[in-house]
Amino acid sequence: MQNEWYSRIKGLGIDEVSNENMTIYFIKEEDVSEAKKDLSKKIQWNDNWLIIGFDDETDDVIYINEESGEVCTAYEFERKWEVVTLYSSVNEFLATYGY
């Protein structure tokens, strides 16, 4: 899924998306492993989560759940990841931002 995601983003020529609710800055593909390592220092990172970016306002991670295809955010709360599903699919996510 990682290759598919980054090929799509490169094809669209975007490195962020924004609407009235949030701005998401996409992480570069070559930085995914380092970001995952940094997040795992706080708490166990789920291997089925593909990090795609961060929320500009909260700095919360944005990721694709590779099992369900959902686009989610997560934040650490009491040594657990609290997960919020933002969009049911990558297509819905990109369409929300006009892509």
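1. Let's start with strand E1, which covers residues 16–18 and is where you will find Glu 16. Please keep in mind as you look around that this is a predicted model.

2. How exposed is Glu 16? Its relative accessibility is 35%, so Glu 16 counts as partly exposed. For a residue to be called buried, that value would have to be under 20%, and for exposed, over 50%.

3. Glu 16 also has company on the surface. Together with Asp 15, Asp 56, Glu 57 and Asp 59, Glu 16 makes up a patch of negative charge there.

4. Now to the aromatic rings: the structure has 11 aromatic pairs. One of them joins Trp 45 and Tyr 63 in an edge-to-face arrangement, with 5.8 Å from centre to centre and 80° between the planes. This pair links distant parts of the chain, 18 residues apart: Trp 45 sits in the loop between helix H2 (32–42) and strand E3 (49–55), while Tyr 63 belongs to strand E4 (residues 61–65). Trp 45 is buried, at a relative accessible area of 1%, and Tyr 63 is buried too, at 0%.

5. A second pair worth finding is Trp 49 with Trp 81. Their ring centres are 6.5 Å apart and their planes meet at 70°, so this pair is edge-to-face. Here too, distant parts of the chain are linked: Trp 49 lies in strand E3 and Trp 81 in strand E6 (residues 80–87), 32 residues apart. Trp 49 and Trp 81 are both buried.

6. Which residues form one aromatic cluster? Look for Trp 5, Phe 26, Tyr 87, Phe 93 and Tyr 97.

Notes:
Residues are numbered from 1 along each chain as its sequence is written. This is a predicted model: local features need pLDDT of at least 70, side-chain atom pairs count only at pLDDT 80 or more; totals for chains, interfaces and linings use all residues. Side-chain values use heavy atoms; hydrogens and water are left out. Patches are made of residues with over 30% relative accessible area and no salt bridge: like charges are joined within 9 Å, nonpolar side chains (Val, Leu, Ile, Met, Phe, Trp, Tyr) within 5 Å. Accessible areas come from the Shrake-Rupley method with a 1.4 Å probe; for residues, only the protein chains shown count as cover. A salt bridge is a side-chain nitrogen of Lys or Arg within 4 Å of a carboxyl oxygen of Asp or Glu. Lys and Arg count as positive and Asp and Glu as negative; His and the chain ends are not counted. The place of a charge is taken as NZ of Lys, CZ of Arg, CG of Asp or CD of Glu. Helices (H or I, at least four residues) and strands (E, at least two) are DSSP runs, numbered from the N terminus. Buried means under 20% relative accessible area, exposed over 50%, partly exposed in between (1.4 Å probe, protein chains only). Rings of Phe, Tyr and Trp (its six-membered ring) pair if their centres lie within 6.5 Å; planes under 30 degrees apart count as stacked, over 60 as edge-to-face and the rest as tilted.
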